[in-house]
Structure formats: C-alpha cells, structure tokens
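New to this one? Have a look at the model below, and then we'll walk through it piece by piece.

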Amino acid sequence: MRIISLNVWGGMLHAPLMDYLVEADADIYCLQEVPRAPSSRSEWLSYRDHGVELQQRANLFDEIRAALPGHDGVFCPTARGELFDGEASCWQEFGLATFVRNSLPVIGQAMDFVHGSFSPQGFGPHPRSRNAHCVRLFDYEAGRSLSVAQIHGLRDIAGKGDTPARAAQAAAFKALIERVWRPDEPLVVCGDFNLLPGSATFETLGTLGLEDLITSRGHRDTRTSFYKKEGRFADYLLVTAEVDVKRFDVVRTPEVSDHCPLLLEF
C-alpha cells in the first residue's frame, strides 16, 4: 500500500506536479490546497489578497482526476472565493482532495469542518475555515480494513504555535476520525497541519495510538526551496502500531510544490 500526502500549492508548479502524481502510482493521494473553478475559461487564475498575488491552476481537481483514471476522487471545499482572469473576476472553490485507487472500496467516510464552516461568498478573514476527510477502505490483498484521514490545519498569521482554536481543531479532528476508524484496524493520519513539532495537537492525536513519523525519524523539515520563510515544519504523517511501515520518505526531488510530498509504504 502506498500513500502520498501533499499540499499541492494550488498547482503553482503544474507540469512537474502532474508528472509526479502520475509516476508515483500511489494507492491513495491526500492532497491539500486543491482549487476548482468550473466556470473558468482559462487554465490559470490570479489570487489577490492584501498586496499578495499568486497564480492558481483554475481546475486542478479535474486535471488530477483525469490524470488518475484508475482512482476515485472526492473534492472537499472549505470556501469559494473570487480570483481573477485578467481583470475579470471568477469564483473558485478551494479545499482538500482525496483520490483512492478504485480496487480499494471505500466502506466508510466522513468529511466535516474542524474550524469554522463553509464560506460561500469569499475566503474570509484569517484564520480561515478548515475541514478534514477520513475514509475507511477494504484492502482485498491484505484481507483487512484500514482508515486514512487528512487535514489542512488552520493558518494563523501570528504563527504556528498552540492556540485555543488549534486545540479545538485537534479535538474536532480526533472526533471525526473516531466516527470512521475501528480501533483494531490500521490508521494513517496526514496533511499540512500548519504546526511546529511539539504541538499539543500531537498529544490529542496520540490518544488514538498515533505516532508521528516526521519527528520520530529525524526529518529536518517538510518544505522545498520555494519556501523562503522560517518555521519549515508543516506536514506530518502519523500511524498506529497496526501499520507495518516498509518505507517513509520526505520526498526532496522533484520539487513539485513549496511543500515536500510525504510518501508511506506499508
């Protein structure tokens, strides 16, 4: 079983990203910062916010779905905001996407907000709404069920330290997982947590028997050369003892985002 977790950065590095996702041939892709704008007539849109302008791939979810025909995809938007095609505005949804190889039946799932609620008329002020998605699958080859959950943790402009909002987010994420996962089965939890190592969030998730593979295996950060700020931890992957880890990598090359892909084989 191969799982990839990756913040795709809105598809900013589109060509290498698409090549990597296809060549990686993962069974499950847990992706964050995925955009979708069905009404867009252009391949790229501009995100503008308080003097910051970033290019976003207009319909990245649909492009990934087309590139992975052997997978079933679920799009989980957190908000719909205005981007720009030149000077013309265009609505775009933004959120999580989970792709599961269609030989692995999804036998249970839950998606809900862990901070805030769906924002249909704009992305809103920071910290913006966040959701999480958990799927329970049956692995015919192994003859067992397992669960995989992902999150894109809230971004606080004050930094990545613990806050009451992050404590509430952790409790909500744990509760979401418990709605789907069976405690005697393997559990993988991943995503862009927007947290530093040592956060109380990991204590909350630790009550489910989860161990973080980033810090426990000595990885120095999870960001690529495209990320220029301090605090280079963001992405994490956690497993329970039932997951027999064969390989775990923070993939440094190719660079397909300002985040590194996390790759787990078990």
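Helices and strands here are DSSP runs, numbered from the N terminus, with a helix needing at least four residues and a strand at least two. With that in hand, Pro254 is easy to place: it belongs to the loop between strand 13 (247-250) and strand 14 (262-265). Keep in mind that you're looking at a predicted model.

**Two cis bonds**

Pro254 is worth a stop, since a cis peptide bond joins Thr253 to it, with omega at about 0°. There is also a cis peptide bond between His126 and Pro127, where omega is about -5°. Pro127 sits in the loop between strand 7 (106-115) and strand 8 (130-139).

**Two backbone oddities**

Next, a pair of residues with a positive phi, neither of them a glycine. Here they are side by side.

| Residue | Phi | Relative accessibility |
|---|---|---|
| Glu33 | about 60° | 17% |
| Asn194 | about 55° | 10% |

Glu33 is part of strand 2, while Asn194 is in the loop between strand 10 and helix 4. Buried means under 20% relative accessible area, so Glu33, at 17%, counts as buried. Asn194 is buried too, at 10%.

**Inside the cores**

Nonpolar side chains tend to be buried together in soluble globular proteins. In this model, the largest nonpolar core has 44 residues. Which residues have the most contacts inside it? They are Phe173, Ile177, Val188, Val189, Phe193, Leu237 and Leu264. Take Val189: leaving aside residues up to four places away in sequence, it touches Ala149, Phe173, Ile177, Leu210, Tyr236, Leu237 and Leu238. Another core lies apart from that one, with 22 residues, including Ala24, Ala26, Leu60 and Ala97.

Leu60 brings us to helix 2, which spans residues 60-67 and has Leu60, Phe61 and Ile64 as its buried residues. Where do these buried residues fall when you look down the axis of helix 2? They stay within an arc of 100°, so they line one face of the helix. The general picture is that an α-helix has 3.6 residues a turn, so residues three or four places apart point the same way. The buried residues of helix 2 have plenty to pack against: helix 1 (14-24), strand 2 (28-36), strand 4 (52-57), strand 5 (71-85) and strand 6 (88-101).

**Rings and charges**

Now for the aromatics: the model has 10 aromatic pairs. One of them is Phe173 with Phe193, an edge-to-face pair at 6.4 Å centre to centre, with 65° between the planes. This pair links distant parts of the chain, as its members are 20 residues apart: Phe173 is in helix 3 (residues 164-180), and Phe193 is in the loop between strand 10 (187-192) and helix 4 (200-206). Both Phe173 and Phe193 are buried. Follow the ring pairs along and you get a cluster of Phe173, Phe193, Phe202 and Tyr236.

Some rings have a charged neighbour over them. Arg80 lies over the face of Trp91, 3.9 Å from the ring centre. Likewise, the charged end of Arg223 is over the ring of Tyr227, at 3.5 Å from its centre.

**Cysteines without bonds**

How many disulfides does the structure hold? Zero. Cys30 comes with a cysteine sulfur 3.7 Å away, that of Cys190, which is the nearest, but Cys30 is in no disulfide. The cut-off explains why: a disulfide needs the two sulfur atoms within 2.5 Å. For Cys134, the closest cysteine sulfur is in Cys30, at 9.5 Å, too far for a bond. Both cysteines are tucked away: Cys30 is buried at 1% relative accessible area, and Cys134 is buried at 0%.

**A last stop at Arg144**

Is Arg144 buried, exposed or partly exposed? With a relative accessible area of 31%, Arg144 is partly exposed. You'll find Arg144 in strand 9 (residues 144-152). Setting aside residues up to four places away in sequence, Arg144 touches Leu137, Phe138, Asp139, Pro186, Glu242 and Phe266. Arg144 and Glu185 are 41 residues apart in sequence, yet their C-alpha atoms are 7.8 Å apart in space.

Technical notes
Residues are numbered from 1 along each chain as its sequence is written. This is a predicted model: local features need pLDDT of at least 70, side-chain atom pairs count only at pLDDT 80 or more; totals for chains, interfaces and linings use all residues. Side-chain values use heavy atoms; hydrogens and water are left out. Buried means under 20% relative accessible area, exposed over 50%, partly exposed in between (1.4 Å probe, protein chains only). The arc is that of the directions from the helix axis to the C-beta atoms. Contact means heavy atoms within 4.5 Å. Rings of Phe, Tyr and Trp (its six-membered ring) pair if their centres lie within 6.5 Å; planes under 30 degrees apart count as stacked, over 60 as edge-to-face and the rest as tilted. A charge sits over a ring if NZ of Lys or CZ of Arg is within 6 Å of the ring centre and within 35 degrees of the ring normal. A nonpolar core is a set of buried Ala, Val, Leu, Ile, Met, Phe, Trp, Tyr and Cys residues joined through side-chain atoms within 4.5 Å.
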